[in-house]
Amino acid sequence: MNSLCACCGLNRRNFLKLASLFSGSAALSVIAGGCGTQSTTAENTASENTPAPNTAAGNLDQPVKIGYLPILDASPLLIAHANQLYEAEGLTTEQPILFRSWADIVEAFLARQVNVVHLLSPITVWLRYGAQNVPGKIVAWNHTDGSALTVQPDINDVKDLGGKVIAVPFWYSIHNVVLQQLLGKAGLTVVTKAGTEPVQPNEVNLVVMPPPEMVSALANKSIAGYIVAEPFNAAGETSGNGKILRFTGDVWKNHACCVVFLHEDDLTQRPEWAQGVVNAVVKSQVWIRDHRAEAAKLLSKEGGSYTPHPEAVLQKVLTGFDAAAYAKQGAIQHPDWAAQRIDFQPYPFPSYTEELVRLLQQTQVEGDNGFLQGLQPAEVARDLVDDSFVKQALQAVGGPQVFGLPGSLLREETLQVARLEHSSQA
């Protein structure tokens, strides 16, 4: 069957390829069945799956339907909802839907159960250029930094991870990319072995695990550590079962992690709707930077219904960052970068996308990844990202300087890498 699904643009062959990568996920049965019989694995009740109508340009009637994971990467989307910033742009909204894994949120986006999502930036590369060939675009960054490598308390160096199992949230994740750079620099080899196979002292076995399961897995010692978004690193610290070995923002300065991803037809057929979404997200980021404590409360289980996390854990991430203390324990090795534990700015620098593609081409990922070697970094940066909406949104809030960004909206990437000679920094 070569006809394309009206919902997501995938034919059945690509549905099955996608299903193979999601093997073991609850998404599998839904994908294999096609879009027309969608169910949901979301924790909230989902609205009935209805393909978006082909409305006139600028139609604002389509509700904003947010899909998110319970991580602080989603903060701009959720705070915009909490503060009714979408409504201020003339948009309507539905209650955001919480998902437990990246597989689930991707599935829901393809089925148009949700139409505004935050995705790990490498996932967008995989979706658009892999077998899935999903017509979607990055329109803004959700945040910068905001992730860490958390390990058992007796581990003091990346070299100590030899012979151990480390969890990553998804093969196509900035976490997997950064972790493999750190392991390579430490002389360790990445492997993906079944649980019964022994891991050699010079190897590190990577496993994919949904973020909500990582803290308990560390506690029961089924893994030696995990690399993931906040607040699961803060949760590991607070539990007493883990400590931060490195912050990812101390390996790649001001890196993106999650990005705002929209269907391409929403950009071309509903540009005013898309502009309203991006305007709201950018205004939300401005607000969060000035109201970190209030944001932590709004997103906590005590303050609302967005996440299951205690306010104390969210405050630890958003307001309790002690850079000097983390530098003393070695989690920060570049204090001159002056990075926050998590920060918020929307502009998707082309230099980042280009560097991400180069690093993905060096990173081990499961599944059919042959497409990566054919990608041209500069071409991907031009094709995958549409920055026209965020440029307008930035001007509406006072310009790039509001976020401390250069007026040129250009930068050079600064990262500590193992194998890229052209841009390595010790």
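**Entry 1: helix α3 against α12**

I began at a helix contact: Ser75, Leu78, Ile79 and Ala82 of α3 touch Ala295, Leu298 and Leu299 of α12. I sorted the residues of this contact and got six nonpolar, one polar and no charged. The model I am reading is a predicted one.

Next I looked up the geometry. Helix α3 spans residues 75–82 and helix α12 spans residues 292–299. Their axes come within 11 Å and cross at roughly 85°. Angles of 65 to 115 degrees count as roughly perpendicular. I therefore noted α3 and α12 as roughly perpendicular to each other.

**Entry 2: helix α3 against α11**

I stayed with α3 and turned to α11, residues 271–290. Here the axes lie 8 Å apart, and the packing angle is about 95°. That angle makes α3 roughly perpendicular to α11.

I listed who takes part. From α3 come Ser75, Pro76, Leu77, Ile79 and Ala80. From α11 come Ala280, Val281, Ser284, Gln285, Trp287 and Ile288. The contact of α3 with α11 splits into eight nonpolar residues, three polar and no charged.

I also checked for residues of α3 that serve both contacts. Ser75 and Ile79 appear in the contact with α12 and again in the contact with α11.

**Entry 3: strand β3**

I moved to the strands. How many residues of β3 are buried? I found five of its five, so to speak of β3, residues 116–120, as mostly covered is fair.

I then sorted the side chains by direction. Val116, His118 and Leu120 point one way from β3. Val117 and Leu119 point the other way. All of these are buried. Side chains in a regular strand alternate between the two faces of the sheet.

Which strands does β3 pair with? One is β1, residues 66–68, which runs parallel to β3 and is joined to it by two bridges. There I found isoleucine 66 standing opposite valine 116. Another is β12, residues 258–263, which runs antiparallel to β3 and is joined to it by four bridges. On that side valine 117 stands opposite phenylalanine 261.

**Entry 4: strand β6**

I repeated the check on β6, residues 147–151. Five of its five residues are buried, so β6 is largely enclosed by the rest of the structure.

The directions came next. Ser147, Leu149 and Val151 point one way from β6, and Ala148 and Thr150 point the other way. I noted all of them as buried.

I looked up two pairings of β6. With β10, residues 225–229, the sense is antiparallel, over five bridges. With β11, residues 243–247, the sense is also antiparallel, over four bridges.

What stands opposite leucine 149 in β10? I found isoleucine 227 there. In β11, the bridge partner of leucine 149 is arginine 246. I marked leucine 149 as a residue with a partner in β10 and a partner in β11.

**Entry 5: the whole chain**

I closed with the totals. The protein chain holds 17 helices and 13 strands. It has 426 residues, and 57% of them count as buried.

I looked at contacts with a separation of 6 or more. Residues 24 or more positions apart account for 77% of these in the protein chain.

Last came the surface. The accessible surface of the chain comes to about 15900 Å². Carbon and sulfur atoms hold 49% of that surface.

How values were computed. Residues numbered from 1 in each chain as written. Predicted model: local features only at pLDDT ≥ 70, side-chain atom pairs only at ≥ 80, totals over all residues. Heavy atoms only, no water. Buried < 20%, exposed > 50% of the residue type's maximum accessible area, 1.4 Å probe, protein only. Pairing = 2+ DSSP bridges. Contact = heavy atoms within 4.5 Å. Areas by Shrake-Rupley, 256 points an atom, 1.4 Å probe, with all protein chains shown as cover. Axes fitted to C-alpha atoms, helices over the stretch in contact; angles between N-to-C directions. Parallel < 35°, antiparallel > 145°, perpendicular 65-115°, else oblique. Nonpolar A, V, L, I, M, F, W, Y, C, P; charged D, E, K, R; others polar.
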